[in-house]
Amino acid sequence: MRIGELARRTGVSARYLRHYEQAGLVSSVRAANGYRVYEEAAVVRVTNIRYLLDAGLTLDDVAAFRSCLDGDLPSAPPSARGLEIARERLAVLDARIAAQTAARNRLAAALDARSDGHR
């Protein structure tokens with residue numbers, strides 16, 4: 001299938017598909033006319049990539065799952081490495097949330113102090 005068809009079937013833009021391909025997560029062959037052609041299995045692979053990205057992982061994190069992107073990833077038992085990656089990403093997200101919450105609280109306190117409580 002061509003890139004437009006894969007994009008339509010997965011809900012992922014052609015731009016992102018090219019990005020996934022550049023990252024080595026999806027592969028295609030070039031037709032004689034230069035168009036990218038993907039195998040049917042690319043639908044599952046891209047769906048799994050989106051599943052992991054939507055869960056908060058990065059493309060670098062997803063690369064560690066390359067060997068299992070063609071299966072039923074949401075139902076498969078996680079590997080020890082997969083759990084480790086997820087825990088590391090969760091710690092990063094928790095730290096970012098804590099930093100943003102602290103910044104928000106400082107800003108709210110500054111506004112309260114200067115505007116008699118009227119934001």
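**Entry: the end of H1**

I started where helix H1 stops, in what is a predicted model. Just after H1, Gly 11 takes a positive phi of about 75°.

Next I stepped back into the helix and asked which of its residues are buried. In H1, I noted Ile 3, Leu 6, Ala 7 and Thr 10 as buried. I then looked down the axis of H1: the buried residues fall within an arc of 100°, so they line one face of the helix. My textbook reminder here is that an α-helix has 3.6 residues a turn, so residues three or four places apart point the same way. What lies over that buried set? I found that the cover on the buried residues of H1 includes H2, E2 and H3.

**Entry: Val 43, a partner of H1**

I picked Val 43, which sits in helix H3. Its relative accessible area is 13%, and buried means under 20%, so I logged Val 43 as buried. Which residues does Val 43 touch, once neighbours within four places in sequence are left aside? I listed Met 1, Leu 6, Arg 9 and Thr 10. Two of those names, Leu 6 and Thr 10, were already in my notes as buried residues of H1.

For a sense of distance, I also checked Val 43 against Ala 98, 55 residues away along the chain. Their C-alpha atoms are separated by 36 Å.

**Entry: salt bridges**

How many salt bridges does the model have? The count comes to 7, and I looked into three of them, starting with H1.

Glu 5 and Arg 8 join their side chains in a salt bridge, at 2.9 Å from N to O. Both residues lie in helix H1, 3 residues apart, about one turn of the helix. I wrote down Glu 5 as partly exposed, at 30% relative accessibility, and Arg 8 as exposed, at 59%.

The next pair is Glu 40 with Arg 9, whose side chains meet at 2.4 Å, N to O. Why did I flag this pair as a tie between separate parts of the chain? Glu 40 lies in the loop between strand E2 (36-37) and H3, while Arg 9 is in helix H1, so the salt bridge ties together parts that are 31 residues apart in sequence. Glu 40 is partly exposed at 49% relative accessible area, and Arg 9 is partly exposed at 35%. Arg 9 had already come up as a contact of Val 43.

Then I moved along to helix H5 (residues 80-114), where Arg 81 and Glu 84 sit 3 residues apart, about one turn of the helix. They form a salt bridge, with the closest N and O atoms 3.3 Å apart. Arg 81 is partly exposed at 43% relative accessibility, and Glu 84 is partly exposed with a relative accessible area of 39%.

**Entry: the nonpolar core**

A general note to self: in soluble globular proteins, nonpolar side chains tend to be buried together. I pulled up the largest nonpolar core and got 22 residues. Which members touch the most other members? I noted Leu 17, Tyr 20, Leu 25, Ile 49, Val 62 and Leu 69. The elements giving two or more residues to this core are helix H1 (3-10), helix H2 (14-22), helix H3 (42-54) and helix H4 (59-63). H3 has the largest share, at 6 residues.

I followed Ile 49 outwards, leaving aside neighbours within four places in sequence. Ile 49 is in contact with Tyr 20, Leu 25, Val 26, Val 62 and Leu 69.

**Entry: Asn 48, a polar stop in H3**

Is Asn 48, in helix H3, buried or exposed? Asn 48 is buried, at a relative accessible area of 4%. Not counting residues up to four places away in sequence, Asn 48 touches Cys 68, Leu 69, Asp 70, Gly 71, Leu 73 and Pro 74. Leu 69 also appears among the contacts of Ile 49.

**Entry: the largest pocket**

Last, I looked for open space. The largest pocket holds about 410 Å³. It is lined by 21 residues, and the closest to its centre are Leu 52, Phe 65, Pro 78, Gly 82 and Ala 86. Which element gives the most to that lining? I have H5 down for 8 residues. H3 and H5 each supply at least two residues of the lining, which brought me back to both helices from my earlier entries.

How values were computed
Residues numbered from 1 in each chain as written. Predicted model: local features only at pLDDT ≥ 70, side-chain atom pairs only at ≥ 80, totals over all residues. Heavy atoms only, no water. Core = buried A, V, L, I, M, F, W, Y, C linked by side-chain atoms within 4.5 Å. Buried < 20%, exposed > 50% of the residue type's maximum accessible area, 1.4 Å probe, protein only. Helix = DSSP H or I, 4+ residues; strand = E, 2+ residues; numbered from the N terminus. Contact = heavy atoms within 4.5 Å. Salt bridge = Lys/Arg side-chain N within 4 Å of Asp/Glu carboxyl O. Arc of directions from axis to C-beta. 1 Å grid on protein atoms, 1.4 Å probe; cavity = no way out; pocket = protein on both sides within 12 Å on 5 of 7 lines; lining within 4 Å. Points joined across faces, edges and corners; volume = space filled by probe spheres on them.
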